[in-house]
Each structure stands twice: as C-alpha cells, then as structure tokens.
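Trainee: Please take me through how the strands are put together here, and place that part within the whole before you turn to the loops and helices around it.

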Amino acid sequence: MAVQQAAGPDPYFPDHGDARYRVHRYELALDYRPGPNRLAGSARINAIAGRSPLAEFMLNLSDFKIGRVRVDGRQARYTHRGGKLRVRPAKPVRPGAAFTVEVHWSGNPKPVGSPWGGLGWEELEDGALVASQPIGAPSWYPCNDRPADKASYQISITTPSAYAVVAGGRLLTRTTKASTTTWVYEQAAPTSSYLVGLSIGKYQTVLLGDPGPGGVPQHGHIPAHLLPEFSRDFARQPQMMELFQELFGPYPFDEYAVVVTEEELDVPVEAQGLSLFGANHVDGARGWERLVAHELAHQWFGNSVSIADWRHIWLNEGFAKYAEWLWSERSGGRTAQQLAAAAHRLLSSLPQDLRLADPGRKSMFDDRLYERGGLTVHAVRCAMGDEAFFRMLRGWAGLHRGGAVTTTTFTAHVNRFADEPLTGLFDAWVYGTALPSLPTVIPARPAHPPTNTGTVQP
C-alpha cells in the first residue's frame, strides 16, 4: 500500500482537514430520530501526530451543540465556529505520538453549503441519506476532512425499528430493544471521510447473484414497490463485478451494496463499499446501466485508490467513465473506440480551457472532466496495447490499494509499463487544454463478451 499525504492544506478546500496529524480509526456511536431529524453522537478518534508537537489541532464539524471534548481521557479546551472544532489538549501531543480524541455532539443535521448545493446529511421525507463528496462529511460527524487522511471505521447507529440502516462495510450486529434497533457496521479498509456512506429508510433487501465460495456478496436495498424494475436494471451487476475483477484486480472490500432511495437524486453517489441511487435511476429498461458500472468501478478508482487532494479528481472520474466504456464493449454494446469517438465529438464542440491535472475547484465536476478523463485513459490504452495496458491497470489498483495518489504518481506508473515514455501523450491530454486528436489505434473487441443474463434474489 502506498499512501501519499499532501504536505499542506488542500488548495481547493483550505478550510477542510488538518495536515498536522492523521487519523487511524473512527468509532462513531449515533442515535437518530427521523421525525424531528435529531442526531446525537459520540466519536472516539484514534490519531497519530505528525513531526511537530500538537499544542492544538482541528477537526471539521458543522453547527452542532458540543457536549464535551477529551484528549487521551483528559478534558480539553476547544472553540467551535465556522465548521471548525479547534481542540487544545491539556498538554501538547508529542511528535509521532498516538493520541485519542473523544467528542460528544447533538443537534439537527443538515447539508453543508457548497458551490454545488447542499452536501452530506440529507433529511428525506421518510429517512435520511449521506452523500458527502467532496466536503459534506462534517455535516454529521467530526473528522479530519481531507481525502488523503484515510482511516478504518466502526459505526453504531440506533434508530426506530421501522427503519433499516445501510452503511458501507460489514454488518456486525443488529440488536432490537423495545422500539429501537442498533446497527453496527465495520469498515476495516482505509476510508476517506467523504466516502463514509449511510442511508436510513424502509427498504427491502435482496441478494444480487450468487457470490459462491470466495465471491463478493452484493446486496440491494430498495423500496419494495421498485423491486421489479430494480431486478432488471441491476441484474447484470454481478457480471460487471466479475469483469472488473478480471480487468482491475480483486475487489478491494469485503462486500458491495447499492441503495435506491424513494426520492430522486441528480446523480448516483459512490461511497466506500456502497453506492446510492435515486428512484429516477430505476426504469426497468436498463436505461441507466452505464451508471451502475460507473459507481461500481469507483470502488477501485477513487475509493480504494484515492486522491491525495482534489486537484487530481480526474483519476477518480476518468477511470470510472472508462469503465462504463469497457462494460459496454464487453457486454455487446458500443465499443470503447466508438464511445471515445462520441466523447471526442462532444468535447470538440465545447470550450477547451480545462486542464485535467488541475481543473480548479469550479470545474472539478464539469462534464468535460469526465469525458476527457475517459478519453485520456483510452489514449493510454491505444498507445500501450491491451496486454501492457491492463497489466498496468491491475498493477495500479494493487500497488496503491488503500492509499492516496497524485497525477504524477500515475504518469510515472504508466511509464514503467510502456515500451517508451508517454510524456508527449500526458503533456497533451493531462497538462494541456487543447483537445488532442482522437487516438487512431483501435483496440479489438474481445471475442467472448459476457452473456446478457443475470439474477436478483430476495
């Protein structure tokens, strides 16, 4: 595992995260009442100080009432304003020392404001969900909110028993007492704060396919009335899992879950081991199947292999976009070359002022970044040839599993697998703004695409 911690504040979100320490583990105990939208929580955060003494440090947390804050069991001084919980321990933490922070908080969770609208905790008509990318995690728990600071999580959530709780990771226990149920999830793999997913609602749970011995359990959690449509739309997800493991390497987590909410979402949202879809993404005609592939691919690219800071978001979205094309190619749809040509035509008609390597905060979710990111991956494939390209890709996902990377890390990795350095390709596609020509070396369509069958089991 390779982890590259950014040396200072994230240039796009300098108010989020504190580079002076890193978190090893979060243990969250939450109590949520959907009716009044009331959340009470306690966090035990195990962290390690950096190279300098920590006389004070910062956690991100939204506008909640703070009960108490302790460091290594001793009461700590703190201030809490503007989404920043500044903590001053009774005595400074020594350089490199492990320390533990306890925070108790309560209030009415609400999304964090951003240029893209509210992010994080969202109260639904009957339940709640969390969609935090990129800075919504502090809407519901105190965290060192920077993508490179990855930690394991245990999350305990108590809700009225009529509601199901779905979180990324393995369900350890579910305990009912009187009218409430406590769900305890464990996510052992290193996880960025924005990728801690959560959904609370009234769902029916189904098994997608038969994982078999050593396979990846895949579950769907959906409103009962959407089950017929869901059963068709997600039927081929187990085959996607099989294909992506062939192309990208082993699935990096223990399980994979998808949640469909009763309400509409602008776009699906990836979380670690979990993806959230809106009711509008289920039509019974596989009309959104490319997004099923996209969100699954993020488990490798973006979740397991994360970015050191938000300047490198094309590494998440470019690979997930290209995974859509690979699925289409392998399942009898349009080839990657045909889809690349369509993306190239689209981009050629749009402004060419976006630089993948550092798109700027305003453009980090621009559709052009997704399309150009996919085209860049396709250009690398065409330049390398399939054998070397997919060997490179499996190496990338394996070497950096659980870590955080940069664009420079990726270009150096590719050049280790290429017959000759692809410096010119990266200069044009990643560091330049003008749209390069469509790659002309066309990968062959695989001879044996997967079948079109699939099963969903209650």
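Mentor: In this predicted model, residues 24 or more positions apart account for 71% of the contacts in the protein with a separation of 6 or more. The protein has 9 helices and 23 strands, and its radius of gyration of 22 Å is close to the 23 Å that the globule rule gives for 458 residues, so the protein is as compact as a globular protein of that length. The C-alpha trace spans about 65 × 50 × 40 Å along its principal axes, and buried residues make up 59% of the 458 residues. About 18300 Å² of the protein is exposed, with carbon and sulfur atoms supplying 50% of that area, while the mean positions of the 45 positive and 45 negative charges are 8 Å apart.

The part to look at closely is an open sheet of 8 strands with mixed pairing, in which the order is β5-β4-β8-β2-β1-β11-β14-β13. Its edge strands are β5 (74–75) and β13 (170–177), each of which pairs on one side only. A good place to enter the sheet is the pairing of β1 (residues 21–33) with β2 (residues 38–49), which is antiparallel and runs over 12 bridges. Within this pair, E27 has R44 of β2 as its bridge partner. These two strands form a hairpin with 4 residues between them, and in that hairpin N37 takes a positive phi near 50°.

From β1 the sheet can be followed to β11, where the sense changes to parallel and the pairing extends over 7 bridges. Here R25 finds its bridge partner in S152 of β11. In general, the side chains of a regular strand alternate between the two faces of the sheet. Elsewhere in the order, β4 (residues 65–71) and β8 (residues 98–107) are antiparallel and share 5 bridges, with V71 standing opposite V101 in β8.

Other strands deserve a look for their own pairing. Strand β7 (residues 84–88) is joined to β3 (residues 57–60) by 4 bridges in the antiparallel sense, and to β6 (residues 77–81) by 5 bridges, again antiparallel. The residue K84 of β7 takes part in both descriptions, since it stands opposite N60 and opposite R81. The hairpin of β6 and β7 has 2 residues between the strands, and there G82 takes a positive phi near 60°.

The loops that adjoin the sheet carry some backbone features to check by eye. Between β13 and β14 (180–191) lies the loop that holds A178, a residue that is not a glycine and yet has a positive phi of about 55°. With a relative accessible area of 85%, A178 is exposed, because exposed means over 50%. The loop between β10 (127–131) and β11 (151–160) contains P134, which is joined to Q133 by a cis peptide bond with omega of about 0°.

Turning to the helices, the loop between β20 (274–277) and α3 holds H281, and R286 is found in the loop between β20 and α3 as well. Phi of R286 is near 55°, a positive value in a residue other than glycine. H281, at 4% relative accessibility, counts as buried, because the cut-off is under 20%. Apart from its neighbours within four places in sequence, H281 is in contact with D233, L265, D266, V267, P268, W288 and L291. The last residue in that list, L291, is also one of the buried residues of α3, which include E289, V292, A293 and H294. Of the 9 residues of α3 (residues 289–297), 8 are buried, so the helix is largely enclosed by the rest of the structure.

Helix α8 (residues 407–417) makes a useful second case, with T407, T409, F410, T411, H413 and V414 as its buried residues. These residues pack against α4 (314–330), α6 (367–384), α7 (386–399), β22 (404–405) and α9 (423–431).

Technical notes
Residues numbered from 1 in each chain as written. Predicted model: local features only at pLDDT ≥ 70, side-chain atom pairs only at ≥ 80, totals over all residues. Heavy atoms only, no water. Rg over C-alpha atoms; globule rule 2.2 N^0.38 Å. Buried < 20%, exposed > 50% of the residue type's maximum accessible area, 1.4 Å probe, protein only. Contact = heavy atoms within 4.5 Å. Areas by Shrake-Rupley, 256 points an atom, 1.4 Å probe, with all protein chains shown as cover. Lys, Arg positive; Asp, Glu negative; His and termini not counted. Charge placed at Lys NZ, Arg CZ, Asp CG, Glu CD. Pairing = 2+ DSSP bridges.
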